Amino acid sequence: MRYVRSAGAAVVCGCGVLVAAEPFPAPYDTQPMIVPLLPAEAALAKMELPEGFRATVFAAEPDVNNPIACCWDDRGRLWVAENFTYGDDAERYNLKLRDRILIFEDTDNDGVHDRRTVFTDRVQMLTSIERGLGGVWAVAPPHLLFFPDADNDDVPDGPPQVVLDGFSTEAASRHTFANGLKWGPNGWLYGRIGISSTSHIGRPGCRPDERVGTAGGLWRYHPGQQVVDAVCAGTTNPWGHDWDEHGELFFINTVIGHLWHGVHGAHFKRMHGLDLNPRVYDQIDQIADHYHWDTGGQWQDSRPEAPGGAIPADALGGGHAHVGMMIYQGVNWPVAYRGKVLTTNLHGRRVNVERLEPQGSSYVGRHEPDILRSGDVWFRGIDLTYGPDGGVYVLDWSDVGECHESDGVHRNSGRIYKVVHGTPVRPIETDLAKVDAQGLARLHLSDNEWLVRMARWHWRERQHRGEEMKEAEDALARLVADQPSPRLRRQALWTSVYAGSKRAEADLQAAMEVPDLRPVVIPLLGDAALLAARAGREPTVLSGAVRQRLLEAAGEAGSPPLRLKLASLAIKHPESAQPWLERLLGHAADADDRFLPLMYWYALMDLPPERVAAFFAGCRVPLVRQNIARRCTGEIEKNPEPLNRLLASGAHPADLLAGMNEALEGWARAPRPDSWAAFTSGLTDPPLQALARSLDVVFGDGRALEDIKRIVLDGGADLARRESALRSLVTARADGLKDVCRRVLTTHGLSVVAMQGLALFDEPEVGRLLAGRYGSFYPHEQQALIDTLTTRPVFAEALLERLAAGAIPRSAVTVAQARQIRALGRPSLVEKLSAVWGDIRDSSADKHAQIAGLKARLTPEVLAAADPRHGRVVFNQVCASCHKLYGEGNLLGPDLTGGGRHDVNYLVENIVDPNALLPADYRMTVVTMTDGRTLSGTIAGQSDRTLTLKMVGAEQTLERDQIASTQQLPMSLMPEGLLQTLGDAQVRDLIAYLMTRSQVELP
């Protein structure tokens, strides 16, 4: 934990050492002033708004700098988090600096603050704040902190308490850390986290099995019960969320899709990396029907080439990066904006508007005209919120350059703008402390959602302080009885649960009898059952009459949104859900829904195979049937009975075979199911028979293997069919495999697979055979050959012999392949490698010297004389096997199209020392096989039975029982010493090519 004690003069650092407190350190900039910073009023003059709207500078530097998040209190004051510790790539987070929490007040409501209070300046790595329960909540990774302020005097009552820990801070992409606190209508505190910051969250000191894993998406915390819960998983880096009038949660994201429906239990598409649950199988996409950038190119292309430059994705919405989001439910803007999603588009310097329309079980987001555009090149909107009078406040981080600040950060700039329509009116109830109990109840009737939410918030604060709220509860109950509108009943239910009323459970059970309220009630019932289960109690709230209503709802035709709520409830409570899951799976119309097939599967996936198999025959959703078959097949060795039951039923053979093939991909052998022969004998459709034959190979049918060998050796057969057949033999490790591979080794199109087959034999003569055929292969096959020859010591001996003889050129062996030979752990091989190929310098002093030398040589004049066209050739030779640039290459490592590659210093430092900043997803894993091979790559997927390794130029699915050991190293697959194998002209041209802003022609 990193914070400074507010009562006394001591700092508690991450190491737990107390040191004397110091004055607030002056923030300093790490980026030159390459574009002048306009005065705030001049920047405001460059803002474009629709007719009737106007904006004011609510606050600006020096009163606010680097605003990163905000929230409201029950006096209508805006609380703002300032982050000074966020740094550039070299700093990551500068812990010589500190962050602040400020309070702004506009007493005359003229759109300009007139009071500013520093709540605390003794926190670091601050990403978000929220008020509530007698204090201030703050995410400061790795912690969720609570600053107590029970007397509401705007001074912390003492040091912050660590409520949760485990939020990862290891990712190089530091902008993906945990963030985004906001109270949900159900009383839970919601937050967000990016996929590069896989975390295991829990209370300090809790057991590992009590922690909740999250690898991107949304999480939440219930303060009263001290329960952590993962809401949904995936996406890229969500940085904004809100709820609509029906309590539906939506959030904003970047790159792979910007608008998502935050359904509890959903697993969403990921930009990279693996879901924490290997049984997810597939993931749900965004709900927007468009992107704000040209997906035909690279996402980084939507960034302006330079500060103030043209916005490439201007006509589409501004670009891929979205930060901050709200659903407008205020009373100042025209009614046409009510219920619309607003998000700040970072590169587009604007606020995008999205219209939510119901579609199937969920929604679709439609693009609407942008409401705000800024001509100020420093404008970097990072959050937005509507206030008591309905005016919208836009936080502006205020900076230029690369969006992640990898090229430097300005810490002495920042603005907050207020955007209003006409003349806003501040409600007289803005100070909730002056509203009596009956007044709090009446505020639930207001069209001003700010007042409704704050009334609910303040209600709980009074209750938290020990005040009796029965009068308010009675008043709200009378209002509901007199004016039983769906909206008022929803608001009343949320308040009952939010405040922890003793009537809450009874209110929910009664509301379940009202069909229109069930979409709101079902998630609240699920929450109540979850809290009961976590406390060790039986979740009785789902029994009796409620259970009967759930069954009725699951059987209702034409209500996909309600079925989505039931699927989400089943994910949270799979053990209780079987009766209504059976009915849900009977809706054939749900097969084409964006959410329902996968949500149904997520509810089933962690049940025992016997339970999962029981849903197969009656299921009318094909994707779920395929996944059931896949799940049961994956357990075939330990528990074959569920799969035998599916085969014996004879139901849905196409889905059954599809699921079985997916499950057994990469398996060399699997036990033949007892029901297999009877099942296949009944197949009459040729495509299904072909699928069955491919499985016969895995099940060890000798006749099938002989048929496949004949296909491989048939020179007149289709080459693709021969390649597929050979791959089947390699996977099965069939008898006679070595002879078959030897015979087709030099057949172009089969060579690479034949090499993989021969690599299974740890024999010196196989190594000599492979190395001796180097000249017979095409260039891409030669690289695959070298990769193969570095997997075994006896193969590497043969390779080094041919290198020494000059039969294989030294340039054919890359630095990565040389490092792979060293990884084999044979001193004699390292000695031979040094003699015939060279050494790899990897000491810190060597790296620093090489970096300094390259920076000195690669002057602007030298680079101006370079030929980027030849640099593209060098890139294709040494970089493209792992990296993409301008859409060409492979994605074993990061896509290079973006980032800070226009800076020669950035390029040199990252190429020479690729391990300095290393995301977890790109760490190298060394896999030692039981047959003696050593493979290096990144893990692309895994199950209980297999592990998929992504390597340079190839991807292999390995059976776990053939793996002797795996070791993830704190180093990149990108080798050090990459530039040492190149001549000076090649280095110059490569760097020049990497610095280009558009693709160049090949020479």
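The questions below take up the cavities and the strand pairing of this predicted model.

Residues are numbered from 1 along each chain as its sequence is written. In this predicted model local features need pLDDT of at least 70 and side-chain atom pairs count only at pLDDT 80 or more, while totals for chains, interfaces and linings use all residues, and side-chain values use heavy atoms, with hydrogens and water left out.

Q: What makes the largest space a cavity, and how is its volume of about 660 Å³ defined?
A: A cavity is a set of points, on a 1 Å grid over the protein atoms alone, where a 1.4 Å probe fits but cannot get out. Its volume is the space filled by probe spheres set on the points, which are joined across faces, edges and corners, and by that reckoning the largest cavity holds about 660 Å³. The structure has five cavities of 30 Å³ or more, and the second largest holds about 60 Å³.

Q: Which residues count as lining the largest cavity, and which elements supply them?
A: Lining residues have an atom within 4 Å of a point; 42 residues line the largest cavity, and Trp72, Glu130, Lys182, Thr385 and Arg453 lie nearest its centre. The elements giving two or more residues to this lining include β6 (67-72), β28 (381-386) and α5 (486-498), where helices (H or I, at least four residues) and strands (E, at least two) are DSSP runs numbered from the N terminus. The largest share, six residues, comes from α3.

Q: What is the make-up of the two linings in nonpolar, polar and charged residues?
A: Ala, Val, Leu, Ile, Met, Phe, Trp, Tyr, Cys and Pro count as nonpolar, Asp, Glu, Lys and Arg as charged, and the others, Gly among them, as polar. On this scheme the lining of the largest cavity divides into 21 nonpolar, eleven polar and ten charged residues. The lining of the second largest cavity, which includes Phe58, Gly76 and Arg77, divides into six nonpolar, one polar and four charged.

Q: Why are β11 and β12 called paired?
A: Two strands pair if DSSP finds at least two bridges between them; β11 (residues 135-140) and β12 (residues 143-148) pair in the antiparallel sense over six bridges, so the criterion is met. Valine 136 has phenylalanine 147 in β12 as its bridge partner.

Q: What makes β10 and β13 edge strands?
A: The open sheet runs in the order β10-β11-β12-β13 with antiparallel pairing, and β10 and β13 (161-165) each pair on one side only.

How values were computed:
1 Å grid on protein atoms, 1.4 Å probe; cavity = no way out; pocket = protein on both sides within 12 Å on 5 of 7 lines; lining within 4 Å.
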